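Biologist: I'd like to learn how to read a model like this one. Could you walk me through it, feature by feature?

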Amino acid sequence: MSQPAPAIAEKSPYYEIHTKYGASVDYRPFIRVEGVSLKEYRSQRIEILDHSAIIFTSRTTVDHFFRICEEARITVPETMKYLCQTEAVALYLQKYIVYRKRKISFADGTFNNFMELILKHKSERLLLVLSEPHKPELPQTMEKLNLNFDTLILSRTVSSDLADLDLRDYDLLAFFSPSEISSLVSQFGTRDLPRIATFGNGTAQAAANAGLSVNVMAPTPEAPSMAKAIDLYIKKVEAGEQVPPVEIVATNKSEEFLKAQESKPKKAKSNGSTKSIAAGSDKPATARSSKTS
């Protein structure tokens, strides 16, 4: 598993695979995340306080945003809005701010829902906080929609040193991000590798682009988690079944979203009246939000 070992092995979803099949499961991160220095941040010439809303795609970006704010002695005002890709990222903000005193909105983790959330705040001056490398769909779509935003890189993903790792000891390698695939290929090449398992379309596509065959893939309707996908794979192997490579279908989320926006019926012009949620109402919008003054 290309992830850190769990704090309690017995609570890991892969422990059941170990006990059920007698499989040995090792954990070894293929990548690590490094924060940019204060000098590198300043070289981007982006002023955080010139923006009215911050966009976070992961907890890592949250960590490095507030780290840079502390190092640069930037006090983020209570009026700042936060737009998060998932509820988990939104709740993670409690590590740094008083949650109930901030304007925090979050999407359901899908690209379309996140873009809908961002469009609801298109009047804001947006700051998109990212790690390098990152998926290009989000900034590309925001640019094509002519949103008022800046991109700020506050961390980067680099390959771990795997010189002591002998892949011949393994039958299956499980990866969870495109960066892990890059680390694998750069250090071990693409030939004579164990079978590959991937989580997420982006990871599977990165493997396919590198010329690798993917034999296990999640999430799927049958296997919503990597643990379940591996369980089904081992069951088939033990039954003597041939497990063919997964067919990877490339998708362009940015183009799909833009086409969907173009096909939407135009809104009728306002007759001068307005509608708003009554003060104190906590009725959620399509992309759920938590807002308090």
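Biologist: Where does pLDDT stay under 50?

Modeller: pLDDT is the predictor's confidence in each residue, from 0 to 100. Here it stays under 50 over residues 270–293. For that stretch the model has 30 contacts beyond four places in sequence, a contact being heavy atoms within 4.5 Å. Where pLDDT is low, the predicted coordinates should not be read in detail. The chain as a whole has a mean pLDDT of 87, and 88% of its residues reach 70 or more.

Biologist: Any ground rules before we go on?

Modeller: This is a predicted model, so local features need pLDDT of at least 70 and side-chain atom pairs count only at pLDDT 80 or more, while totals for chains, interfaces and linings use all residues. Residues are numbered from 1 along each chain as its sequence is written, and side-chain values use heavy atoms, with hydrogens and water left out.

Biologist: How many helices and strands does the chain have?

Modeller: Both are DSSP runs numbered from the N terminus: helices are H or I with at least four residues, strands are E with at least two. This chain has 10 helices and 10 strands.

Biologist: What is the strand order in the open sheet of 3 strands?

Modeller: Strands of a sheet pair through backbone hydrogen bonds, either parallel or antiparallel. Two strands count as paired if DSSP finds at least two bridges between them. In this sheet the order is β7-β8-β9, and the pairing is parallel. β7 (172–175) and β9 (214–218) are at the edges with a single partner strand each, so one side of each has no neighbour in the sheet. From one strand to the next, the twist averages 20 degrees.

Biologist: Which residues stand opposite each other?

Modeller: Take β7 and β8 (residues 195–199), joined by 4 bridges. Leucine 173 faces isoleucine 196 in β8, and alanine 174 stands opposite alanine 197. On the other side, 4 bridges join β8 to β9. There alanine 197 sits opposite valine 216, and phenylalanine 199 has alanine 218 as its bridge partner.

Biologist: And how does the chain get from strand to strand?

Modeller: A crossover is right-handed if, with the strands pointing away from the viewer, the path from the first strand over the helix to the second runs clockwise. β7, helix α7 (residues 178–188) and β8 form a right-handed β-α-β unit. From β8 the chain passes through helix α8 (residues 201–209) to β9, and this crossover is right-handed.

Biologist: Is β9 buried or exposed?

Modeller: Buried means under 20% relative accessible area, exposed over 50%, and partly exposed in between (1.4 Å probe, protein chains only). In β9, 5 of the 5 residues are buried, so the strand is largely enclosed by the rest of the structure. Across the chain's 293 residues, 38% count as buried.

Biologist: What about a loop residue, say proline 77?

Modeller: Proline 77 lies in the loop between α3 (59–71) and β3 (81–84). Its relative accessibility is 33%, so proline 77 counts as partly exposed. Leucine 49 is 28 residues from proline 77 in sequence, yet their C-alpha atoms are 8.3 Å apart.

Note on methods: Axes fitted to C-alpha atoms, helices over the stretch in contact; angles between N-to-C directions.
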